[in-house]
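Trainee: I would like to go through this structure one question at a time. Please give the reasoning before each result.

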Amino acid sequence: MIYKFKSSASGDVIMLKPNAEQVLALIGKTPSPQGIITVEQLPAAIAALEAALANPELATQESPATDEGTPKDSAERADPVLLRQRIVPFLDLLRRSLEAEAPVVWGV
């Protein structure tokens with residue numbers, strides 16, 4: 001399952017379920033099939049993701065394996081995807097949305 005994050009201020013950000021749920025948890029949102037980050041909630045969400053990026057342990061943590069056929073042991077994966085790589089595009093979407101005063105919505 002995929003999550004598609006949309007805003008009129010930027011292009012869509014698409015994430016697979018485990019990654020999207022991890023990012024939503026970081027900003028204090030409960031994963032659900034549909035949701036919204038209001039303009040008023042954007043500053044807190046941006047601050048939470050920036051704090052996660054500033055935390056070296058969290059930022060360099062691997063994203064959850066997203067494919068059942070993909071080995072979950074990092075020693076078996078050739079190029080692990082770090083949480084930082086998942087957060088940065090989403091953080092850009094949030095910043096652009098705040099600048100344009102546009103909410104971010106998602107759906108699966």
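Trainee: Is R96 buried, partly exposed or exposed, and what is its relative accessible area?
Mentor: This is a predicted model, so the value is computed from predicted coordinates. Partly exposed covers the range between under 20% and over 50%. R96 falls in that range and is partly exposed, with a relative accessible area of 44%.

Trainee: Which residue forms a salt bridge with R96?
Mentor: The closest N and O atoms of the pair are 3.0 Å apart, and the cut-off is 4 Å. Both residues are in helix α4, four residues apart, and are therefore separated by about one helical turn. The partner is partly exposed, at 33% relative accessible area. R96 forms this salt bridge with D92.

Trainee: How many residues apart in sequence are the parts that E50 and R95 tie together?
Mentor: E50 and R95 form a salt bridge, with the closest N and O atoms 2.7 Å apart. E50 is partly exposed at 36%, and R95 is partly exposed at 41%. E50 lies in helix α2 and R95 in helix α4, so the parts tied together are apart in sequence by 45 residues.

Trainee: Which strands stand at the edges of the sheet?
Mentor: The sheet is open and has four strands in the order β2-β1-β4-β3, with antiparallel pairing. A strand with a single partner has one side left without a neighbour in the sheet, so the edge strands are β2 and β3.

Trainee: Which residue in β4 stands opposite G35?
Mentor: β3 spans residues 34-37. Four bridges join β3 to β4, and the two run antiparallel. Opposite G35, in β4, stands W106.

Trainee: At about what angle to β2 does α4 run?
Mentor: Two helices can be described relative to this strand. α1 lies across β1, β2 and β4, and runs at about 110° to β2. α4 lies across β1, β2, β3 and β4, and its angle to β2 is about 145°.

Trainee: How many residues does the largest nonpolar core have?
Mentor: Elements that each supply at least two residues of this core include β1, β2, α1, α2, α4 and β4. F90 is one of the residues with the most contacts inside the core. Leaving aside neighbours within four places in sequence, F90 is in contact with F5, V13, M15, V23, I27, I37 and L49. The size of the largest nonpolar core is 24 residues.

Trainee: How far apart in space are L58 and L82, C-alpha to C-alpha?
Mentor: L58 is in helix α3, residues 56-59. In sequence, L58 and L82 are 24 residues apart. Their C-alpha to C-alpha distance is 9.2 Å.

Notes
Residues numbered from 1 in each chain as written. Predicted model: local features only at pLDDT ≥ 70, side-chain atom pairs only at ≥ 80, totals over all residues. Heavy atoms only, no water. Core = buried A, V, L, I, M, F, W, Y, C linked by side-chain atoms within 4.5 Å. Buried < 20%, exposed > 50% of the residue type's maximum accessible area, 1.4 Å probe, protein only. Contact = heavy atoms within 4.5 Å. Pairing = 2+ DSSP bridges. Axes fitted to C-alpha atoms, helices over the stretch in contact; angles between N-to-C directions. Salt bridge = Lys/Arg side-chain N within 4 Å of Asp/Glu carboxyl O.
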